[in-house]
Amino acid sequence: MSVLSRRVHCSAVAAWLAAAPVGMASAALAQDARGPSRASSSQPVAPVSGDPGDQLDGSARQGLAGEASDGRFTADVGEPRGPAAANYGKPVLRKPGKKPPKKVAYPALRPLAPYPTSAEARLGLRRGQASDPSDPDYVAPSPTTAIVTPPQKKTRPKLEDNPFAPVGVDVGLLRVTPYAESDLGFSDNPNLASGRANRSSAFAREELGLSAQSDWSNHAFTGDLRLGYNDYFRAHEADAPDGDGKFLARIDVARDLKVNVDGKFVLTTQNSSSPNLNNGGQSTALSTRPIIAVFGGGLGVAKTFNRLELSLRGSAERDYWQDAHFADGSIQQLSRDSYNAYGLTGRASYELTPGVKPFVETTFDTRDRDSAVDGSGYRRDSDGVLARAGSTFELSRLLTGDVAAGYGERTYRDARLSQLRGALVDSSLVWTVTPLTKVTLRTATSLDETTIAGSPGSVSRVAGVEVAHALLRNLTLTATGSLQDSRYQAVNLNQTLYQTGLRVEYNLTRSIALKGSFTHQRMLSNQPGTDYTANIVMVGLRLQR
């Protein structure tokens, strides 16, 4: 085939290809015009881009069967309008009154961050560039060294050990937790008397208190104070106040040098079974309970040498005894037995592990009475020495506290009085059995003064256990038991006091709690006429902040 023939053949093919769309469109229009039966079965055909049908004018398009004036293809007259054909990019014509679909708001993509091990990340750290995408100085990394930052995990709220504990109020630089408690109760032996001398009575009790705690970066302060009063409706001679308090202030002079300032306060009363009242309560009944008040404080310094800690503390204490007034009008002058005590304590401890810290401690003290001679004619000024050794514990927070054992003795100015001596056992341990159960064990030993003629004093030992279990997060049941043994030296007198109890506390809110308790006391003595038994029931309301 010659070159001219090839060119003519290619031109004919091109002309045929250009005329093909026009022919197909004309055939479709002719087929739709044949009749209703064929038009109803045919599907509308949308012209493609560049189709010559798009170039028809308005009069020509109105003659097309199946196309309305709004540009939508429909069936013949008498048939419902059908769906519009695909328009391939042309705007969709919606029915009048139809709302457009709502747009879905997708979250913004998280910013990119370079791989931690990439060269770009290391270069940015060396140049001090910001690594946080929210930082204004942040420079986005290149796509080849970037990753999508992981979503930030939501932190779970921390569970409180005691969700119903008071929150306290800020007073100056301290967080103070005050409370007030009112109780109604009944006692079958308010005077703690023996035999027929006892008389039951209902009573009301009021108690106020507060705790203070610091939250400072340096130094520290903690304190507690409690005051209460029992008012018996049928036995006012048994009315009595009680209370105690203490505080400790630590001053951080340097990282390894600290100064400690402490103080204490104790308020109690003597009952008719006390051997200090006319040699064992042989006189008539008391008209009021005599008060014993103790005030004291100390100043100390502690120095740390790596794991070794040395401390020295000086103390002063005032013990006041109120005169005893009896129902027959007689008075026993106990105030002459009030005394001042001064002491010096040295202590050395070594931290074996972060939870175990053994120590040794020695105390020297002297007691000077207001009257050189007591009511029995004895000079009871004395000097004492006490030595103890023990350790503090904090074993994974399941067992915390301290245990110590030692020996103490006192020497009196009066040669007729023998030395008061005895073994010392002191401990305070808290064992967290489970998150709901806690066991507390306490023991204490003291060398107490007395007014008994011929006796230098008594060695008193107290042991107590307390088991608290949370039945609910706001309901706690506590069982208590204690034993106090007092042995008076140089005379045949021993007294043993047993006490058991059960307490329940129900917290309505952090500020309101309902309380109830039952206590059983039994005192046994080898001195006739001083044994007694008492049962006490109380219910009350506690308001705290």
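Visitor: Before we look around, what do buried, exposed and partly exposed mean here?

Guide: Buried means under 20% relative accessible area, and exposed means over 50%. A residue in between is called partly exposed. Keep in mind that this is a predicted model.

Visitor: Is Glu 206 buried, partly exposed or exposed?

Guide: Glu 206 sits in strand β5. Its relative accessible area is 46%. Since that value lies between 20% and 50%, Glu 206 is partly exposed.

Visitor: Which side chain makes a polar contact with the side chain of Glu 206?

Guide: Glu 206 touches several residues beyond four places away in sequence, including Glu 181, Leu 227 and Gly 228. Tyr 229 is another that it touches, and the two C-alpha atoms are 5.6 Å apart although 23 residues separate them in sequence. The polar contact, at 2.8 Å, is made with the side chain of Ser 182.

Visitor: And Glu 207, is it buried or exposed?

Guide: Glu 207 also belongs to strand β5, which covers residues 201-214. Its relative accessible area is 10%. Because that is under 20%, Glu 207 is buried.

Visitor: Which residue's side chain is joined to Glu 207 by a polar contact?

Guide: Look at what Glu 207 touches farther along the chain: among them are Ala 180, Arg 226 and Leu 227. The polar contact is 2.7 Å and links two side chains. The partner of Glu 207 is Tyr 179.

Visitor: How many residues make up the largest nonpolar core?

Guide: Members of this core include Trp 321, Phe 326 and Leu 286. Leu 286 touches fellow members Leu 277, Ala 324 and Phe 326, and it also touches residues such as Glu 237 and His 325. The total for the core is 8 residues.

Visitor: What accessible area does the nonpolar patch on the surface have together?

Guide: Strands β22 (512-525) and β23 (532-544) each supply at least two of its residues. Leu 508, another member, lies in the loop between β21 and β22, and counts as partly exposed at 45%. Together, the patch residues have about 480 Å².

Visitor: How many salt bridges does a search of the whole structure find?

Guide: Side chains of opposite charge can pair when their charged atoms come close. One example is Asp 170 with Arg 175, at 2.6 Å from N to O. Several residues, including Asp 337, Arg 369 and Glu 449, are linked in a network of such bridges. The search finds 27.

Visitor: In the salt bridge between Asp 414 and Arg 416, which residue is buried?

Guide: The side chains of this pair meet at 2.9 Å, N to O. Arg 416 has a relative accessible area of 53%, so it is exposed. Its partner has 6%, under the 20% limit, so the buried one is Asp 414.

Visitor: How many residues apart in sequence are the parts tied together by Glu 466 and Arg 503?

Guide: These two form a salt bridge, with the closest N and O atoms 3.6 Å apart. Glu 466 lies in strand β19 and Arg 503 in strand β21, so the pair ties together separate parts of the sequence. Glu 466 is partly exposed at 25%, and Arg 503 is partly exposed at 36%. In sequence, the parts are 37 residues apart.

Definitions and conventions:
Residues numbered from 1 in each chain as written. Predicted model: local features only at pLDDT ≥ 70, side-chain atom pairs only at ≥ 80, totals over all residues. Heavy atoms only, no water. Patch = residues over 30% accessible without salt bridge, like charges linked within 9 Å, V, L, I, M, F, W, Y side chains within 5 Å. Areas by Shrake-Rupley, 256 points an atom, 1.4 Å probe, with all protein chains shown as cover. Salt bridge = Lys/Arg side-chain N within 4 Å of Asp/Glu carboxyl O. Helix = DSSP H or I, 4+ residues; strand = E, 2+ residues; numbered from the N terminus. Buried < 20%, exposed > 50% of the residue type's maximum accessible area, 1.4 Å probe, protein only. Core = buried A, V, L, I, M, F, W, Y, C linked by side-chain atoms within 4.5 Å. Contact = heavy atoms within 4.5 Å. Polar contact = N/O pair within 3.5 Å; in protein donor to acceptor, adjacent residues only side chain to side chain.
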